[in-house]
Amino acid sequence: MAFAYFTKFYSKIMIRKLLFVACFSIFILSGYGQNLILNNERSDSTILLSSTNLNNDEFKVGNIIRYKLYPTDNMYTFLKLDTKTGKIEQLHWSLGTDYYEHEFTVYISNVDLSLNDESGVFELYPTQNMYQFILLDKTTGRSWHVQWGMEASKRWIRPIL
């Protein structure tokens, strides 16, 4: 009888110890896992910019940002404008089957339209048509009709004369 009581009491103590060790291990591992996610090079749905990139003349000149993203009515499509050259990229992103983000880019215009070497010169303005925008050179007043699309034949840019 004393042996049965001893094993019952001993097993309760062991169960408590095991439970404590398991909880403590989970607590430690969850903190370690958060560090792994924070140090991961690719962070889902988050754009991480270092202060060195913000001060780089290629990306920002004074208070003028060189690249701008313009949303379209398609939630997975953005237009990326280089405000210095007028080059426009059609940027698509999506979550794949494994929940990894991926993107692909096609150029609408890969031609340097600038007449000077300043950022912030070009701006995109949406129209009533979800596929079309107006590209404006804010220093000279020149403008272009821009259309994005899923097929190459549907993507174009034409000067407005």
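**Exercise 1. Find the polar partners of the Thr83 side chain.**

Solution. Start with the backbone nitrogen of Gly120, which the side chain of Thr83 reaches at 2.9 Å. Next, look for the backbone oxygen of Ile65: the Thr83 side chain reaches that atom at 3.1 Å. For reference, a polar contact is a pair of N or O atoms within 3.5 Å; within protein, one must be able to donate a hydrogen and the other to accept it, and residues adjacent in sequence count only if both atoms are side-chain atoms.

A word on the model before you go on. This is a predicted model, in which local features need pLDDT of at least 70 and side-chain atom pairs count only at pLDDT 80 or more, while totals for chains, interfaces and linings use all residues. Residues are numbered from 1 along each chain as its sequence is written, and side-chain values use heavy atoms, with hydrogens and water left out.

**Exercise 2. Decide whether Thr83 is buried or exposed, and list what it touches.**

Solution. First, place the residue: Thr83 sits in the loop between strand S4 (77–82) and strand S5 (88–95). Strands here are DSSP runs of E with at least two residues, helices are runs of H or I with at least four, and both are numbered from the N terminus. Second, check the relative accessible area of Thr83, which is 1%, so the residue is buried. Buried means under 20% relative accessible area, exposed over 50%, and partly exposed in between (1.4 Å probe, protein chains only). Third, collect the contacts (heavy atoms within 4.5 Å). Leaving aside residues up to four places away in sequence, Thr83 touches Ile65, Arg66, Lys68, Glu118, Ser119, Gly120, Val121 and Phe122.

**Exercise 3. Trace the pairing of S3 with S4, and of S7 with S8.**

Solution. Begin with strand S3 (residues 67–71), which runs antiparallel to S4 and is joined to it by five bridges. Two strands pair if DSSP finds at least two bridges between them. Within this pair, Lys68 has Leu81 in S4 as its bridge partner. The S3 to S4 connection is a hairpin through five residues. Now move to strand S7 (residues 122–126) and strand S8 (residues 132–137), an antiparallel pair with five bridges. Here Tyr125 stands opposite Ile134 in S8, and a hairpin through five residues joins S7 to S8.

**Exercise 4. Summarise the whole protein.**

Solution. Count the elements: there are two helices and ten strands. Then turn to burial: of the 161 residues, 23% are buried.
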